[in-house]
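Q: I am new to reading protein structures and would love a close look at one part of this one. Please start with a place where two rings meet, and then walk me outwards from there, telling me what each stop touches.

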Amino acid sequence: MSIGRVSLQYAAAIWTFVFCSLFLNPPAALAQKKKNRYSGSATGAAGATSRFAKRVDALLGAEPNSKGAWGLLIADAETGQTLYEQNAAKYFLPASNMKLFTTALALDKLGPEFRFHTTLESTGVVSPEGELSADLVLVGRGDPNLSNRKFPFNLKEEFDGPPERGLAQLADALVAKGVKKMSGDVIGDDSYFPRERYPNGWEIDDMVWEYGAAISALVVNDNTATVTLTPGQVAGAAVQVMIAPRTQDFVVDNQVTTSAANVKADLTLTRESGAHLVIVRGTLPEKSGPRKLVLAIEEPALHAATLLKTLLEQRGVEIGGGVRARHEAVIVEGITPTVLAEHVSIPLSDSVKLVNKISQNLHTEVLLRTAMRQAGTWNTFDDVAKFAADYYAQIGIASQDMIQTDGSGLSRHNMVTPRAMLALLRYAQTRPWFESFFASLPVAGVDGTLEERMKNTPAAGRVHAKTGSVEHVRTMSGFADTAGGRRLAFSFMSNNEYGKNHETTDAMNGLCLAMIEEFNTVPAKRSREHKQPQ
């Protein structure tokens, strides 16, 4: 409370009046405002919260932001003291903020050094002449990075080599064992997870594109294929199409033509759910650069087996059989398959960093299912949901504060309160894997999904947070380090928003800046408590 030039006697009278009015017999409206806006009676804390509340009103009080629902919760990360809250106990669709729950669970259950193992196995033997006498089985166990990604992730996503590079390494290892010919089939086995490709709450449109790729224990190149359209040099010329990696999952009917240079690109893609045919129509300007459309693979195990057969044949292996998928484990009593080649993944900590930095949906789903699978077998996602719910209860999240229907947040049926998010963040700080978790969060103005946000502001480099975005939803939760040395934990959630989308994003950026500026100072009492001895 600032008294400016008012005399000390007059200030004391004012304080007595305020104390009696607000604390002994507070009006309902003022009491509710106090409950929603701040907690704590320290003059400095109350002043900071009051200033922050005014900035919140300015950011969210006008349309289009005022039309939506907002949930805000900020706490001191060390003490847990609530500094500001608004609708913190209400449900919100979290979008990709759900990834924070899943990655924390995976790190806690599996450990940051956990590695995935993908194998080539057979019940047959390799003869001295190099002939394999049985089927060759590609067994997936959830490795999300059987691809051409470069690790560790450093500021941006990087690639090296063809998209099927991880699978090619397995083919090379098999050939190095002397295999030259095989009489059986090449089988893609994803039975490590029960066959349930799409979680409840995913929409049909999601399943066409890379962010809605089918879930499988076999993941090659994110279970996607890239359709590249290259226009001609003159109007009317044919537009060339290329698909990488090659797949039998779909065929492309290319109806795109080259237009004049001054005509804006116009592309439409049609693919019915479960259909084999993809139709691309429209125009691309002459001499313009290639356009890439990244499409989801609907049958990952069969796709992986087909790719592997092609890679082996390219290396001179003669294959007598065909390709097929296996979705249920086959156990023959008395016969144990021999592992002929193995691919060991990067550590889980590196995988989690990629997930949260770029918000990779499929990888998150795989991490959740792997954590469940390591704990025991399961049959449906209901088993996974119960496994996750039990974990959240153990770490102090109230059961009524979360409804989880997928791991990534793409489902429109997830519900989370900001209060649950703060409980997770506070718990994560106490765990030995927190460094890996914190390092996975996008950094404002630096990398990931926050790379272009809050640049050239005091928030740049100080906000470490996961973003979330589906239609009419924007979320952001994580940590903020102030210039004064204070760490804040926060969750901002906006649902039912409309407009051009950037208004909500701009408001959240503004909230981050206000939070860092208004809650900058470490409380004096805590500073004294943590003062180092001389």
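A: Both F52 and F519 are buried, a word that here means under 20% relative accessible area, while exposed means over 50% and partly exposed in between, with a 1.4 Å probe and protein chains only. Keep in mind that this is a predicted model, where local features need pLDDT of at least 70 and side-chain atom pairs count only at pLDDT 80 or more, though totals for chains, interfaces and linings use all residues. Residues are numbered from 1 along each chain as its sequence is written, and side-chain values use heavy atoms, leaving out hydrogens and water.

Searching the whole structure turns up 15 aromatic pairs (rings of Phe, Tyr and Trp, the latter by its six-membered ring, with centres within 6.5 Å; planes under 30 degrees apart are stacked, over 60 edge-to-face, and the rest tilted). F52 and F519 make one of these pairs, a tilted one, with 5.2 Å from centre to centre and 45° between the planes. Now trace the chain between the two: F52 belongs to helix 3 (residues 43-60), whereas F519 sits in the loop between helix 12 (502-518) and helix 13 (524-529). They are 467 residues apart, and the pair links distant parts of the chain. Helices (H or I, at least four residues) and strands (E, at least two) are DSSP runs, numbered from the N terminus.

A second ring pair is made by F434 and F438, and it counts as tilted because the planes stand at 40°, with the ring centres 5.7 Å apart. Here the partners are 4 residues apart in helix 11 (residues 434-439), so about one helical turn separates them. F434 is buried because its relative accessible area is 13%; F438 has 15%, so F438 is buried too. There is a wider group to find here, since ring pairs join W433, F434, F437, F438 and F479 into a cluster.

From helix 11, let us step over to helix 7 (residues 348-358). Why is helix 7 described as largely enclosed by the rest of the structure? It is because 8 of its 11 residues are buried. Those buried residues are L348, S349, S351, V352, L354, V355, N356 and K357. Helix 11 is part of what covers them, and the cover also includes helix 4, helix 8 and strand 19 (463-470). Just past the end of helix 7, S359 has a positive phi of about 65°.

Two of those covering helices also meet each other. On the helix 4 side, K99, T102, T103, L105, A106, K109 and L110 are in contact (heavy atoms within 4.5 Å) with helix 8, whose residues in the meeting are N361, T364, L367, L368, T370, A371 and Q374.

Follow the chain back from helix 4 and you reach N97, in the loop that joins strand 2 (82-86) to helix 4. N97 counts as buried because its relative accessibility is 0%. Not counting residues up to four places away in sequence, N97 touches M421, K466, T467, G468, T475, M476, S477 and M493. N97 and G409 are 312 residues apart in sequence, yet their C-alpha atoms are 6.7 Å apart in space.

Follow the chain beyond helix 8 instead, and T380 appears in the loop between helix 8 and helix 9 (381-394). T380 is partly exposed because its relative accessible area is 35%. From T380 to P194 it is 186 residues in sequence and 7.0 Å in space, C-alpha to C-alpha.

The last stop is N496, in the loop between strand 21 (487-495) and helix 12. N496 counts as exposed because its relative accessibility is 55%. Setting aside neighbours within four places in sequence, N496 is in contact with K67, G68, A69 and H472. With A69, the sequence gap is 427 residues, and the C-alpha atoms are 6.2 Å apart.

Finally, zoom out to see where these stops fit. The chain holds 13 helices and 21 strands, and 49% of its 534 residues count as buried. Among contacts in the chain with a separation of 6 or more, 70% come from residues 24 or more positions apart. The ring pair of F52 and F519, where we began, links distant parts of the chain.
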